[in-house]
Amino acid sequence: IPRHTGSAEGLPFQVLPYFPADPLDAVLTHGPLTPEQGVELLCQAAQGLVALHAAGLTHLNLKPANVLIAHDGGALHAVLCDPLRPLLQGAPAFTADLEAMRCLAPEQVPWLGLPADGRADLYALGVLAFRALTGASPFTAATSHELLQQHLVSEAPQARHLNPAIPPRLAAIVARLLAKRPGDRYQTAAGLLADLERWDAPETDDLGRADRHDPLAAGRPLVGRGAAREALLSALARASAGQGALLWLSGEAGSGHRSLQRDLLAHLEAAGALLLRAAVPAREWCAPFELPIALLQALLARWGLLPEPRRQALLQRLRAAVGENASVLTGLVPALRALLPPADPPAPLALGRERLRTLHLLCEALLALADARHPLVLWLEEAQGADADSQEWLAFLARRLAGAPVLVVAGIAPAAGASAA
């Protein structure tokens, strides 16, 4: 952690402790670390993250060049550096280079616009551990866009496939760090450290048991929101039977709105629903169709987590729904090119009709994701702040919900003086 942060002659600077060592990428030019050395690296890096996160900070810039390694009589010492450069007041906007992008968590992919917390640091640590133990990166690509796309949709290879000397439990720990969804990773660096204490034990089914989840997200009993919870669960049951619906969820601070949301999201996941979430960014301007585009990006973020048979069924329905208009959809969401075959652009239309085609296509693409066994749940936060195109899309979608196994939950902030509904 920097000893001092300030500015001189209009330029920001930080004073960091001096640590005579080599960066991890230089160390790995001599070959991968042994499992024992890899565990020591993981433990010391995790201890650094425990301290950083306890101070209310996240690193968000972990990469091999920012992990310094020193050897003292055979012992390995690791230090994390450059943790706060993106947060320097007055510093230029932070842009990740290709090496940093190799360690970028899926939720940090720029076009998703999602918040990142300490679990993004743990994903980056998983990338570093994979590279340190195998000598290779889990994801490689020639361009930054392709690399980010791999973080979103491609499964990381098993570390033991590249280095059979890695114990199964240690490989499972690395795989847990590399989970696409933040909720499937270690939630805290302390939880990671607890599992590393027995890194060479034979069993793997107890991983994560000592991981302490966010107490605010724990399953506390809900008070005063039982009726709203039952209404939403009843709507989900009707959606599974083909009676889709659009529900509005509102609540002031302290009303239990967030606790209800967390409880319902967990229930929806457990029920096997395909849950896609989108939020309106907290800014004055939103791009056209930002909500449906964000939902399709959320699909890509979840794609690698779905079972292969389910992915194939979704892919077949999606391709049938977009048909010859695939290039219109991939123009809006370029990462969808990984799922949709190349196609020539459709015949151009007049401006108003082009907009209607886009509106219809975004609606059909999302409806195609639903089936009775796995109803589609679209969870929209702060929907009242969406752009005009997104609001029209939502109204258009609502008219198509009859007979569709789709539940749309639109969260809205109540107007000043209004009561929670």
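**Figure 1. Cysteines in the predicted model.** At 4% relative accessibility, Cys-103 is buried. This is a predicted model. Cys-43 is buried too, with a relative accessible area of 16%. Both values fall under the 20% limit, so both residues count as buried. A disulfide is a covalent bond between the sulfur atoms of two cysteines. How many disulfides does a search of the whole structure find? The count is zero.

**Figure 2. Lys-63 and its contacts.** Lys-63 sits in the loop between α2 and β4 (67–72). Is Lys-63 buried or exposed? Its relative accessibility is 10%, so Lys-63 counts as buried. Neighbours within four places in sequence are left aside here. Lys-63 then contacts Asp-97, Glu-99, Ala-100, Cys-103 and Leu-128. Cys-103, one of these partners, is itself buried at 4% relative accessibility. Met-101 lies 38 residues from Lys-63 in sequence. In space, the C-alpha atoms of Lys-63 and Met-101 are 8.5 Å apart.

**Figure 3. Helix α7 and what covers it.** Helix α7 spans residues 168–177. Which residues of α7 are buried? They are Arg-169, Leu-170, Ala-171, Ile-173, Val-174 and Leu-177. An α-helix has 3.6 residues a turn, so residues three or four places apart point the same way. The cover over the buried residues of α7 includes α2 (35–54) and α4 (118–134). It also includes α6 (159–162) and α8 (189–196).

**Figure 4. Asp-195 in helix α8.** Asp-195 belongs to helix α8. With a relative accessible area of 5%, Asp-195 is buried. Its side chain offers a polar atom 2.8 Å from the backbone nitrogen of Gly-208. Residues up to four places away in sequence are not counted among the contacts. On that basis, Asp-195 touches Arg-169, Ile-173, Tyr-186, Asp-206, Leu-207 and Gly-208. Two of these partners, Arg-169 and Ile-173, are among the buried residues of α7.

**Figure 5. A salt-bridge network.** Side chains of opposite charge can pair when their charged atoms come close. Which residues are linked in a network of salt bridges? The members are Arg-169, Asp-195, Arg-198, Glu-203 and Asp-206. Arg-169 is a buried residue of α7, and Asp-195 lies in α8. In the whole structure, the count comes to 16 salt bridges.

**Figure 6. Arg-176 over the ring of Tyr-186.** Arg-176 lies over the face of Tyr-186. The distance to the ring centre is 5.1 Å. Tyr-186 also touches Asp-195. How many aromatic pairs does the structure hold? The number is zero.

**Figure 7. Glu-381 and Arg-277 across two strands.** The side chains of Glu-381 and Arg-277 meet in a salt bridge, 2.7 Å from N to O. This pair links distant parts of the chain, 104 residues apart. Glu-381 is in strand β8 (residues 376–381), while Arg-277 is in strand β7 (residues 274–279). Glu-381 has a relative accessible area of 15% and is therefore buried. Arg-277, at 37%, is partly exposed.

**Figure 8. Arg-311 and Glu-308 within one helix.** Arg-311 and Glu-308 form a salt bridge, with the closest N and O atoms 2.4 Å apart. Both residues lie in helix α12 (residues 308–322). They are three residues apart, about one turn of the helix. Arg-311 is buried, at 17% relative accessible area. Glu-308 counts as partly exposed, at 38% relative accessibility.

**Figure 9. Asp-389 and Arg-355 between helices.** A salt bridge joins Asp-389 to Arg-355, where the closest N and O atoms are 2.6 Å apart. The pair links distant parts of the chain, 34 residues apart. Asp-389 is in helix α15 (residues 388–398), and Arg-355 is in helix α14 (residues 351–367). Asp-389 is buried, with a relative accessible area of 16%. Arg-355 is partly exposed, with a relative accessible area of 30%.

**Figure 10. The whole chain, for context.** The protein has 15 helices and nine strands. What share of its 421 residues is buried? Buried residues make up 48%. Consider the contacts with a separation of 6 or more. Residues 24 or more positions apart account for 73% of them.

How values were computed. Residues numbered from 1 in each chain as written. Predicted model: local features only at pLDDT ≥ 70, side-chain atom pairs only at ≥ 80, totals over all residues. Heavy atoms only, no water. Disulfide = S-S within 2.5 Å. Buried < 20%, exposed > 50% of the residue type's maximum accessible area, 1.4 Å probe, protein only. Helix = DSSP H or I, 4+ residues; strand = E, 2+ residues; numbered from the N terminus. Contact = heavy atoms within 4.5 Å. Phe/Tyr/Trp six-rings, centres within 6.5 Å; stacked < 30°, edge-to-face > 60°. Lys NZ or Arg CZ within 6 Å of the ring centre and 35° of its normal. Salt bridge = Lys/Arg side-chain N within 4 Å of Asp/Glu carboxyl O. Polar contact = N/O pair within 3.5 Å; in protein donor to acceptor, adjacent residues only side chain to side chain.
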